[in-house]
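Work through the exercises below with the sequence and the model side by side, trying each task before reading its solution.

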Amino acid sequence: SKARPVVSEYDLNALEAAVQLAAATGGSAIAVTAGAASIDDSKTKKNVLARGMEALYLTADDACADMDAYATAQVLAPMVEDLDGWDVVLVGDGSADLYAKQTGAQLAARLNVPYVAGAIALEEDGGSLKVRRKTEDEVEVLSVPLPAVVSVLPEAAAPRIPGMKDILAAGKKPMDVKGAPVAPVSAVEVVSCAAPEAAERACNVADASADGAIEAFAAALKAAL
């Protein structure tokens with residue numbers, strides 16, 4: 001409960017891929033995300049904008065806590081539709097917590113556009129997008145009409161490390177933070193969450209300067225084994 005929100009490692013790859021694609025095509029890279037009210041965090045928002053994003057659109061509402069991919073797409077789809085002239089939505093390969101790898105597919109279905117998963121390289125190709133897609137045993141090259149949704153693998157783009165100049169500039173970039181207009185509905189219900197029972201641990205601290213401390217430590221270790 002005391003952990004600060006952070007951007008998923010897989011989403012960092014998508015952010016970098018978006019910035020590189022925008023730079024290559026003369027476009028704009030805009031970040032769109034949704035989650036619990038806790039993601040409306042200054043440090044987290046600057047972390048996103050310092051990575052080359054030109055703006056950040058954020059739905060931060062406790063109604064969006066613990067969303068599955070289906071509910072996440074419900075919230076993200078209208079946010080994307082409100083962006084004028086968008087061409088492609090890049091998403092991470094999966095979330096760092098559940099890793100269901102379904103948000104991209106669910107979002108594409110709601111936007112009624114093509115979806116490609118497992119992208120490792122992207123290139124604009126005369127109004128379409130050339131995608132190198134990695135499968136289990138080969139690499140496919142696809143031509144995808146735009147607009148489209150694409151999920152990228154980590155090898156698509158290594159996340160940059162923002163410098164101090166980038167971090168300072170991030171605070172001046174547009175941030176649009178709103179609540180959820182309606183509470184999203186998840187398609188998956190978590191009935192229970194089973195975890196191993198915590199084992200009791202002995203906490204024996206030995207002072208190395210005390211006489212016989214090393215022998216006592218060795219004896220305790222031997223007894224534990």
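Three exercises follow, on a helix, the nonpolar cores and the salt bridges.

This is a predicted model, in which local features need pLDDT of at least 70 and side-chain atom pairs count only at pLDDT 80 or more, while totals for chains, interfaces and linings use all residues. Residues are numbered from 1 along each chain as its sequence is written, and side-chain values use heavy atoms, with hydrogens and water left out.

**Exercise 1.** Compare the expected span of helix α6 with the distance between its end C-alpha atoms.

Solution. Begin with the extent of the helix, which runs over residues 213-224 and has 12 residues; helices here are DSSP runs of H or I with at least four residues, and strands are runs of E with at least two, numbered from the N terminus. The expected span is 1.5 Å times one less than the number of residues, which gives 16 Å for α6, and the end C-alpha atoms are 16 Å apart, in agreement. Finally, consider its cover: α6 has one buried residue among its 12, where buried means under 20% relative accessible area, exposed over 50%, and partly exposed in between (1.4 Å probe, protein chains only).

**Exercise 2.** Find which elements supply the largest nonpolar core.

Solution. A nonpolar core is a set of buried Ala, Val, Leu, Ile, Met, Phe, Trp, Tyr and Cys residues joined through side-chain atoms within 4.5 Å. The largest one has 28 residues, and those with the most contacts inside it are Leu15, Val48, Met53, Val150 and Val152. At least two residues of this core come from each of α1 (9-25), α2 (42-49), β4 (115-125), β5 (128-134) and β7 (148-152), with α1 giving the most, eight residues. Apart from this core lies another, of 18 residues, which includes Cys64, Met67, Leu76 and Val89.

**Exercise 3.** Decide whether each partner in the salt bridges Lys45 to Asp40 and Lys101 to Asp93 is buried or partly exposed.

Solution. A salt bridge is a side-chain nitrogen of Lys or Arg within 4 Å of a carboxyl oxygen of Asp or Glu, and by this rule the count comes to five. In the pair of Lys45 and Asp40, the N to O distance is 2.7 Å; Lys45 counts as buried because its relative accessibility is 12%, whereas Asp40, at 38%, counts as partly exposed. In the pair of Lys101 and Asp93, the N to O distance is 3.8 Å; here Lys101 is partly exposed at 41%, and Asp93 is buried at 7%.
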